[in-house]
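Here's a quick briefing to read alongside the model. Have a look at the structure first, then go through the points below.

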Amino acid sequence: MSVMTVKDLNQVQTAFTEAGLDYKIELEDGKISVMGPSDIVSSEIGSILIRLLGNWVYPRRLGRVFDSAGGFIMPNTNVKAPDVSFVRAARLRQSPRYFGELVPDLVVEIKSQSDRIKAIETKVLKFIELGAVVGILIDPDEETVAIYRSTGEPIILANGDILTVAELFPGWELPVSELWPPIFTEEETQS
């Protein structure tokens, strides 16, 4: 099998789009990976985090927040699309109408129902190795948040803890319990 390139990835994505297919694809070591949609719990957690981060980042003009559709060309020529990512304004003054050609400062991966933790952790650690400042792995099954940096062991947070990323978002605090999708009571759902 021949080695695929970013150009090949673009052609596959175009073919999917023209066929009306909505798949997330990535390029790793010359191979294209096709991922189907996430489960809705993981999707909702990503939406919650993007909203809460965006509400802090954009008024302060700190940078840009991206969802899982935002692809980045890594220094190793892989194309990756973290579930949630952030790039500081000084590194990306204007978003290109293409993949970002840099490693995001923050990458967040959210465990889907079918994911294996070790594979996601490896992905986050690769982002850190390539230059991400902070990597976060969110596990909805265990209701934990693991924070990775280039120095030291990961920090594991659970309900009752506060997520902070002071090196990127000074003053921002997020209670871990606010990441989980709400459960509505019967009274709340009555019209």
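A contact here means heavy atoms within 4.5 Å. By that yardstick, residues 24 or more positions apart make up 52% of the protein's contacts with a separation of 6 or more. Keep in mind that this is a predicted model, where local features need pLDDT of at least 70, side-chain atom pairs count only at pLDDT 80 or more, and totals for chains, interfaces and linings use all residues. Numbering runs from 1 along each chain as its sequence is written, and side-chain values use heavy atoms, with hydrogens and water left out.

**Overall build**
- The protein has three helices and 12 strands, counted as DSSP runs from the N terminus (helices are H or I, at least four residues; strands are E, at least two).
- Along the principal axes, its C-alpha atoms fill a box of roughly 55 × 40 × 35 Å.
- Of the 191 residues, 40% are buried, meaning under 20% relative accessible area with a 1.4 Å probe, protein chains only.

**Inside the protein**
- The largest nonpolar core (buried Ala, Val, Leu, Ile, Met, Phe, Trp, Tyr and Cys residues joined through side-chain atoms within 4.5 Å) holds 28 residues, and Ile-136, Ile-138, Val-145 and Phe-169 touch the most other members.
- Helix 2 (40-60) and strand 8 (134-139) are among the elements giving two or more residues to this core, and helix 2 supplies the largest share, seven residues.
- Leaving out residues up to four places away in sequence, Val-145 touches Ile-136, Leu-163 and Trp-180, among others.
- A second, separate core has 16 residues, including Leu-102 and Ala-146.

Note on methods. Buried means under 20% relative accessible area, exposed over 50%, partly exposed in between (1.4 Å probe, protein chains only).
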